[in-house]
Amino acid sequence: MKLSPALQYSHDLLKQVVTPGDTVIDATVGNGHDTLLLAQLVGKGGHVLGFDIQTSAIKATTTRLEAEHLNNVSLHLTGHQNVDQYLNEPLAAAIFNLGYLPSGDKSIITTGNTTIEAVEKMLPNLKPNGIICLVIYYGHPGGDNERAAVEKFTATLPQQNFNVLEYQFINQVNTPPKLIVIQKR
Ligand SMILES: C[S@@+](CC[C@H](N)C(=O)[O-])C[C@H]1O[C@@H](n2cnc3c(N)ncnc32)[C@H](O)[C@@H]1O
């Protein structure tokens, strides 16, 4: 057994939590790697809501999903902080990949305020044992502010309602990503 990097570990958790027919969210669609996994996990009877503020991300993900003949995803060209306008049902899981789109404009980054607003709006819909994964890349300018804000917010969620996990290799160079997972009790 090898310890998984943060992103892989988030996928391992999603595979355990998400079942066919579920509603789930990819809060930062980017090139669609997480969207594809979620679409496969929920199957034809399920629904993935995807959000990104960049047209190029929505286009790249649309192409990726079409290649796999998946049509159970609604992609929204808007910030994840507007999730309450689209989410009306119980939520099994959500994933955020915080930072910038690796192949894109590195000045377009997620921010602590909007990330926290989005999480706050998702929590009331989260099903018991449902999870929100936050994969936090923070080596870029602005990234450490977001990391600190997200850590502060998630660390104060009431423990009678939520378990919050932190997962990171702490002896690696180049600020490896950190994973925070919120699970509804
Ligand atoms: C690290 S990338 C996501 C990578 C993606 N998960 C993938 O598989 O390629 C972060 C993405 O968040 C997007 N983003 C930035 N602010 C956002 C917001 N407020 N709402 C939704 N997406 C946002 C960026 O445009 C970027 O595509």
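This passage looks at how the ligand is held in the structure and at the aromatic pairs in the protein. The model is a predicted one, and local features were taken up only where pLDDT is at least 70.

The ligand turns up in the largest pocket. A shell of 21 residues surrounds the ligand there, with Asn31, His33, Asp52, Gln54 and His80 as the closest. Sorted by type, the shell comes out as twelve polar residues, seven nonpolar ones and two charged ones. As for where these residues come from, helix α2 (33–42) gives at least two of them, and strand β2 (47–52) likewise gives at least two.

Nitrogen atoms of the ligand feature in several polar contacts. On the backbone side, an N or O atom of His80 sits 2.9 Å from a ligand nitrogen; His80 is also one of the closest residues in the shell. Side chains join in too: Gln81 places an N or O atom of its side chain 3.1 Å from a nitrogen of the ligand, and for Asp34 a polar side-chain atom lies 3.2 Å from a ligand nitrogen. On its own, the ligand has 600 Å² of accessible area, and the protein covers 95% of that.

Turning to the aromatic rings, the count comes to three pairs. One of them brings together Phe51 and Tyr86, whose ring centres are 5.7 Å apart. The planes of these two rings meet at 65°, which makes the pair edge-to-face, since the cut-off for that class is over 60 degrees. Phe51 belongs to strand β2, whereas Tyr86 is in the loop between β3 (73–77) and β4 (91–98). With 35 residues separating Phe51 from Tyr86, the pair links distant parts of the chain. Strand β2 thus appears in both settings, supplying residues to the ligand shell and carrying Phe51 of this pair.

Technical notes: Residues numbered from 1 in each chain as written. Predicted model: local features only at pLDDT ≥ 70, side-chain atom pairs only at ≥ 80, totals over all residues. Heavy atoms only, no water. Near = heavy atom within 4 Å. Polar contact = N/O pair within 3.5 Å; in protein donor to acceptor, adjacent residues only side chain to side chain. Areas by Shrake-Rupley, 256 points an atom, 1.4 Å probe, with all protein chains shown as cover. 1 Å grid on protein atoms, 1.4 Å probe; cavity = no way out; pocket = protein on both sides within 12 Å on 5 of 7 lines; lining within 4 Å. Sits in = over half its atoms within 2 Å of the grid points. Helix = DSSP H or I, 4+ residues; strand = E, 2+ residues; numbered from the N terminus. Nonpolar A, V, L, I, M, F, W, Y, C, P; charged D, E, K, R; others polar. Phe/Tyr/Trp six-rings, centres within 6.5 Å; stacked < 30°, edge-to-face > 60°.
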